[in-house]
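Here are my notes for a colleague who is coming to this structure for the first time. Please read them with the model open beside you.

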Number of protein chains: 2
Amino acid sequence: MELWFSEYQSKNVKFSLRIKNMLYSIKTPYQSLSVFENEDMGMVMTLDDVVQLTTKDEFIYHEMISHVPLFTHKSPKKVLVIGGGDGGTVREILKHPVKEVHLVEIDEQVVEASKKFFPTLSSGFSDPRTKIFFEDGIEFVKMNAGYDVIIIDSTDPLGPAVGLFSKDFYENVFNALNEDGIMVAQTESPFFYGEFLKRVSSDISSLFKYTSIYTAVIPTYPGAYWTFTLGSKTIEPASIDFEAIPGIDTKYYSREIHKGCFALPPFVKKAISN
Amino acid sequence: MELWFSEYQSKNVKFSLRIKNMLYSIKTPYQSLSVFENEDMGMVMTLDDVVQLTTKDEFIYHEMISHVPLFTHKSPKKVLVIGGGDGGTVREILKHPVKEVHLVEIDEQVVEASKKFFPTLSSGFSDPRTKIFFEDGIEFVKMNAGYDVIIIDSTDPLGPAVGLFSKDFYENVFNALNEDGIMVAQTESPFFYGEFLKRVSSDISSLFKYTSIYTAVIPTYPGAYWTFTLGSKTIEPASIDFEAIPGIDTKYYSREIHKGCFALPPFVKKAISN
């Protein structure tokens, strides 16, 4: 029997992966979660029928959401990840000499599935520097502070994650950061979410002294061309000493990629301008 | 009735577009050609059931395959495009003060379909500087010379286009170029064609003094992360004066994007290294 997973990236665009092995499919209290294997993309995790990661290309997203803010900060010691229960972002953060990584994931089943099926992503969960909280990130940032970097590694701005893209939330993130703190959020494709990107970057720039949008290509995400929005309290992201960035074991990130990733094409600049 | 076009990007990965209007579907002497409309991606042209362009994202491919080599060259006057019968590359070239653009397209029906359904792409065909040859590009470069820039705007390295990726062909391209000439070829996704990219860049670098691979994101192409390989006889692509690049009416290309597009991620460097 031929089995396919299909994601409707919109009503009119569909992306399908042939299922070599269907490994896991559950309903958690928050969402449906599936794990399967595809011959070309490797192991795949979906939440509510949206691809979250494939082992073939996950390194791009996880490296770019982590190393850009961490190397922009002079010496991050305490880092918070909101969402990101698969562990890929934690794995990348632990390549830095940080002291503590807090992961706040609302859905414990995501972490469990990653431990079971994605050992290369969840490897950092057993590191003594990592602490996992199964809580709502929105509430967590109201009650906790002292972070150098906060990474918002959320699902799309629909359903449970919608509050992670609100101005109130960003204000609480701002307050949970130290004086030279930096936040970054994944902020979708500029092809299909131009208006959204404009609103989010405007909200972040109303709070932070510096706001920078940067891009990377994520083949299995809708539109493939992905944005991240960084807010920084005191450090100007474009003016750091790129030559001073130390070598790091990565597959996509490099200091040259870092330097170039803030160059926005005219169509993106136009989408976010007033 | 619900109609969908599906492209098997591999045996295990499928990309589908809902057909709003099916406009054209013919067998030419060389390939099957279809034109349809999709609500999100606009007008779509396929050849042998592979998406060639959508009016939503074609600007990225056409701007990047044209402006990078043309601005690398000091003052291109005579430019040759091999393939590219849709006209998008010619449209971009004509934004430069060139004297002649020659388009060599083996399949006249591609040009005719573009004239009929893609006026925003085929607009340059009526420019007095444009001359179209319905010939085989492989033979054409053996018989013609005097070009400043040659752009190989081909389909995938399968079927009729396979000869456009051979070392013999690149040698003829080299000979058809002036002394400071530059060639560029679209060279597929490094995700799925790493070995291919290695072979092609090795062939080009055995002929040209400078070989540079650069990247762009093409959402509707398999793997989305796309490479172009540039060969240059005397001008070093990385050392041009980027600040001297004049403003140009584009949606993706800019001098900052140009400067950053040569930064290759470690995984691409690894794929092409020996």
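1. This is a predicted model, and a convenient place to begin is strand β8 (residues 100–104) of chain A, which is joined to β9(A) by 4 bridges, the two strands running parallel. Within this pairing, His102(A) has Lys131(A) of β9(A) as its bridge partner.

2. These two strands belong to an open sheet of 7 strands in chain A, whose order is β9-β8-β7-β10-β11-β13-β12 and whose pairing is mixed. The edges are held by β9 (130–133) and β12 (210–217) of chain A, each of which has a single partner strand, so one side of each is left without a neighbour in the sheet. On average, and with direction ignored, neighbouring strands of this sheet are turned by 15° against each other.

3. Helix α6 (residues 167–176) of chain A lies across two strands, β10 (147–153) and β11 (177–186) of chain A, and runs at about 140° to β11(A).

4. Which residues of helix α3 (residues 108–117) of chain A are buried? They are Val110(A), Ala113(A) and Ser114(A). Seen down the axis of α3(A), these buried residues fall within an arc of 100°, so they line one face of the helix. The elements against which the buried residues of α3(A) pack are β3 (21–27), β4 (32–38), β5 (42–47) and α4 (119–122) of chain A.

5. Chain A as a whole is divided into domain 1 (4–54) and domain 2 (58–272), and the centres of these two domains of chain A, taken over C-alpha atoms, are separated by 23 Å. The contact takes 19 residues from domain 1 of chain A and 16 residues from domain 2 of chain A. On the side of domain 1 of chain A that touches domain 2 of chain A, β3, β4, β5 and β6 (50–54) of chain A each supply at least two residues, and the largest share, 5 residues, comes from β6(A). The residues of that side of domain 1 of chain A divide into 13 nonpolar, 5 polar and 1 charged.

6. In chain B, Asn38(B) deserves a separate look, and its place is in strand β4 (residues 32–38) of chain B. Is Asn38(B) buried or exposed? Asn38(B) has 24 C-beta neighbours inside 10 Å, and therefore counts as buried. Leaving aside residues up to four places away in sequence, Asn38(B) touches Leu17(B), Arg18(B), Ile19(B), Lys20(B) and Val44(B), together with Asn12(A). Although Lys20(B) and Asn38(B) are 18 residues apart along the chain, their C-alpha atoms are separated by 5.3 Å.

Conventions:
Residues numbered from 1 in each chain as written. Chains lettered and ligands numbered in written order. Predicted model: local features only at pLDDT ≥ 70, side-chain atom pairs only at ≥ 80, totals over all residues. Buried ≥ 20, exposed ≤ 12 C-beta atoms within 10 Å, placed from the backbone. Arc of directions from axis to C-beta. Contact = placed C-beta atoms within 7 Å. Pairing = 2+ DSSP bridges. Axes fitted to C-alpha atoms, helices over the stretch in contact; angles between N-to-C directions. Domains from an automatic or database assignment. Nonpolar A, V, L, I, M, F, W, Y, C, P; charged D, E, K, R; others polar.
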